[in-house]
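Subject: Structure handover

Hello,

Here is the structure we spoke about, with its sequence. My notes on it follow below.

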Amino acid sequence: MTNSRRKFITSISMLAASSTLPLQAFDFGKTKKLKIVLVGTGVRGTSFWGKRLVDEYSDILEFVGLCDINPGRLEYAKGFIGVKCRTFTDFEEMIKKSKPDLIIVTTKDSTHHEFIIKGLKMGCDVLTEKPLTTDEIKCQAILDAEKMSDKKLIVGFNFRWNPYVTKVKELLQNNSIGKLTSVDFHWYLNTYHGASYFRRWHGLKEHGGSLWVHKSTHHFDLLNWWIDSDPEEVFAYGDLEHYGKNGPFKGANCRTCDYKKECDYYWDITKSKRDMDLYVNNEEYDGYIRDNCLFREEIDIYDKMSAQVKYKNNTVLNYSLTTYSPIEGWRVAFNGTEGRIEAWLDIPYTKTKVVDQEALHKAEMAQNKEEIFDIEPIIVHKLWKDFDTVDVKTTKAGHGGGDKKLQDSMFKKTDSKIDPYQRPAGIRDGAMSVLIGIAARKSIENGKPISIGDLSDLVPQEKRQS
Ligand SMILES: NC(=O)c1ccc[n+]([C@@H]2O[C@H](COP(=O)([O-])OP(=O)(O)OC[C@H]3O[C@@H](n4cnc5c(N)ncnc54)[C@H](O)[C@@H]3O)[C@@H](O)[C@H]2O)c1
């Protein structure tokens with residue numbers, strides 16, 4: 001093994017072992033490149049973990065294999081990403097033949113465990129998209145596989161790298177409101193972004209674990225990291241009252257629907273070349289319909305979600321997720337023994353200019369390099385004093401700029417070896433964030449609070465560990 005490759009792999013291992021060590025220690029560009037394979041060539045795999053890696057970091061890495069169960073999408077992905085590597089529909093064959101250093105997992109959520117476990121067993125480091133997995137049994141199997149392996153697992157939590165949420169972390173870390181006692185966190189998905197989950201595989205629990213896992217894993221990871229303690233107990237309510245069986249009419253899918261004119265949610269996939277190339281042109285291989293009816297009967301996830309979480313350090317969290325809001329945005333408030341922090345992003349009523357909700361969703365998902373910057377406030381209000389406003393420079397592109405910063409932290413060299421905000425996430429972070437969502441699901445099903453410690457062999461700690 002060459003010296004630079006050894007350094008990279010060592011740094012991946014160190015990252016997962018201690019969240020204070022980011023990947024950026026990589027000494028790149030000298031000898032052999034890092035060999036990467038990717039499984040799951042859908043929208044996230046081809047863009048963020050595919051084309052973007054090739055465009056930005058080709059001096060230090062190369063793709064040696066792509067894998068997907070859909071051969072048509074796989075062929076399209078190769079061209080879109082811009083690589084000449086071999087393609088496979090069999091994951092194990094890909095690993096045996098291409099011998100990668102690092103496997104990137106961007107398949108449907110319910111299958112992540114399969115590739116993480118096999119990848120670790122076959123002697124590779126693994127980087128998985130969120131969520132780590134979708135239920136507690138798969139979660140424990142991943143924890144066991146990681147313990148048995150000398151290779152490491154990274155979870156790609158991009159939200160921590162958004163400068164605005166990093167600033168919130170800094171304020172909490174600096175003890176600006178004393179000891180944290182309670183948190184309110186509310187996330188509103190609009191009728192473009194929220195609706196999109198109900199059209200896709202995400203609409204069934206068996207594929208995405210419900211939005212409690214697929215979506216809220218982002219939020220619970222932020223909360224665990226901000227609160228800096230482990231979740232201990234979860235009580236939740238949730239229901240499906242808007243999408244799925246509640247719709248006034250149904251069609252096979254938007255393209256062929258008789259209710260195109262009446263349905264506020266009608267979405268013309270044929271207008272998007274990218275969606276046609278990725279999904280519609282490859283329906284013949286797996287039957288996956290990307291513009292499925294969001295009022296179909298089989299949808300079994302919740303569209304309103306509310307939970308209380310008690311943390312081991314006694315912080316109490318009130319959380320909600322709404323999926324059919326006229327606006328997209330979020331609010332958080334932290335109460336401490338010495339004051340309060342309030343933060344929010346994208347709430348249009350606080351802005352002077354009108355925000356186009358469809359354009360907002362597109363900008364957020366975009367991986368283009370053009371970034372439009374804005375200044376967003378965080379309020380820090382100490383008890384008995386006037387409040388202060390902390391202004392933060394933000395962008396909308398690629399999850400608030402978090403996408404780019406996450407990858408730069410892995411693949412670009414910087415002077416600092418230690419991240420002062422502990423943003424790199426390892427297996428424990430991945431597990432703790434999905435376990436809250438899994439507990440919330442179980443709480444709704446059983447009508448009682450669920451202990452996080454009962455779901456796996458991870459024991460909740462007062463001070464968050466990585
Ligand atoms: N961090 C983020 O902000 C973010 C954003 C979008 C998606 N994601 C994650 O990325 C992953 C992919 O999401 P997406 O939106 O690209 O979905 P997608 O449906 O576009 O792509 C999923 C791909 O996985 C393939 N696949 C499914 N099962 C497979 C299997 N058993 N073996 C091989 N391939 C398989 C499908 O054919 C498809 O090509 C998900 O886990 C999602 O949670 C993360």
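A polar contact here is a pair of N or O atoms within 3.5 Å, and within protein one of the two must be able to donate a hydrogen and the other to accept it. Keep in mind that this is a predicted model.

That definition applies to the start of helix H7 (residues 163-173). Asn162 caps the N-terminal end of H7, with a side-chain oxygen 2.8 Å from the backbone nitrogen of Tyr164. After the helix comes Asn175, which has a positive phi, near 65 degrees. The buried residues of H7 are Tyr164, Val165, Thr166, Val168, Lys169, Leu171 and Leu172. They pack against helix H11 (216-227) and a set of strands: S7, S11, S12 (339-345), S13 (373-382) and S14.

Those strands belong to the sheet. It is an open sheet of nine strands with mixed pairing, in the order S14-S13-S12-S11-S7-S10-S9-S8-S15. Strands S14 (388-395) and S15 (450-451) are at the edges and have a single partner strand each, so one side of each has no neighbour in the sheet. Strand S7 (residues 180-190) pairs with strand S11 (residues 329-336) in the antiparallel sense, over eight bridges. Within that pair, Phe185 is opposite Val332 in S11.

Helix H17 (residues 427-446) lies across S15, strand S8 (231-239) and strand S9 (304-311), and runs at about 50 degrees to S8.

On the nonpolar cores: the largest has 93 residues, and Leu223, Trp226 and Phe334 touch the most other members. H17 gives this core its largest share, nine residues. A second, separate core has 25 residues, among them Phe48, Trp49, Phe63 and Phe411.

What does Leu223 touch, not counting residues up to four places away in sequence? Its contacts are Val183, Phe185, Asp228, Tyr311, Leu317 and Tyr319. Phe185 is thus in both lists: it touches Leu223 and stands opposite Val332.

Last, the segment after S15, where Leu458 lies. Is Leu458 buried or exposed? Its relative accessibility is 13%, and buried means under 20%, so Leu458 counts as buried. Leaving aside neighbours within four places in sequence, Leu458 is in contact with Leu143, Arg428, Ala431, Met432, Leu435 and Gly453. Ala431 is 27 residues from Leu458 in sequence, and the two are 8.7 Å apart in space, C-alpha to C-alpha.

Regards

Notes:
Residues are numbered from 1 along each chain as its sequence is written. This is a predicted model: local features need pLDDT of at least 70, side-chain atom pairs count only at pLDDT 80 or more; totals for chains, interfaces and linings use all residues. Side-chain values use heavy atoms; hydrogens and water are left out. Two strands pair if DSSP finds at least two bridges between them. Helices (H or I, at least four residues) and strands (E, at least two) are DSSP runs, numbered from the N terminus. Contact means heavy atoms within 4.5 Å. Axes are lines fitted to C-alpha atoms, for helices over the stretch in contact, and angles run from 0 to 180 degrees between N-to-C directions. A nonpolar core is a set of buried Ala, Val, Leu, Ile, Met, Phe, Trp, Tyr and Cys residues joined through side-chain atoms within 4.5 Å. Buried means under 20% relative accessible area, exposed over 50%, partly exposed in between (1.4 Å probe, protein chains only).
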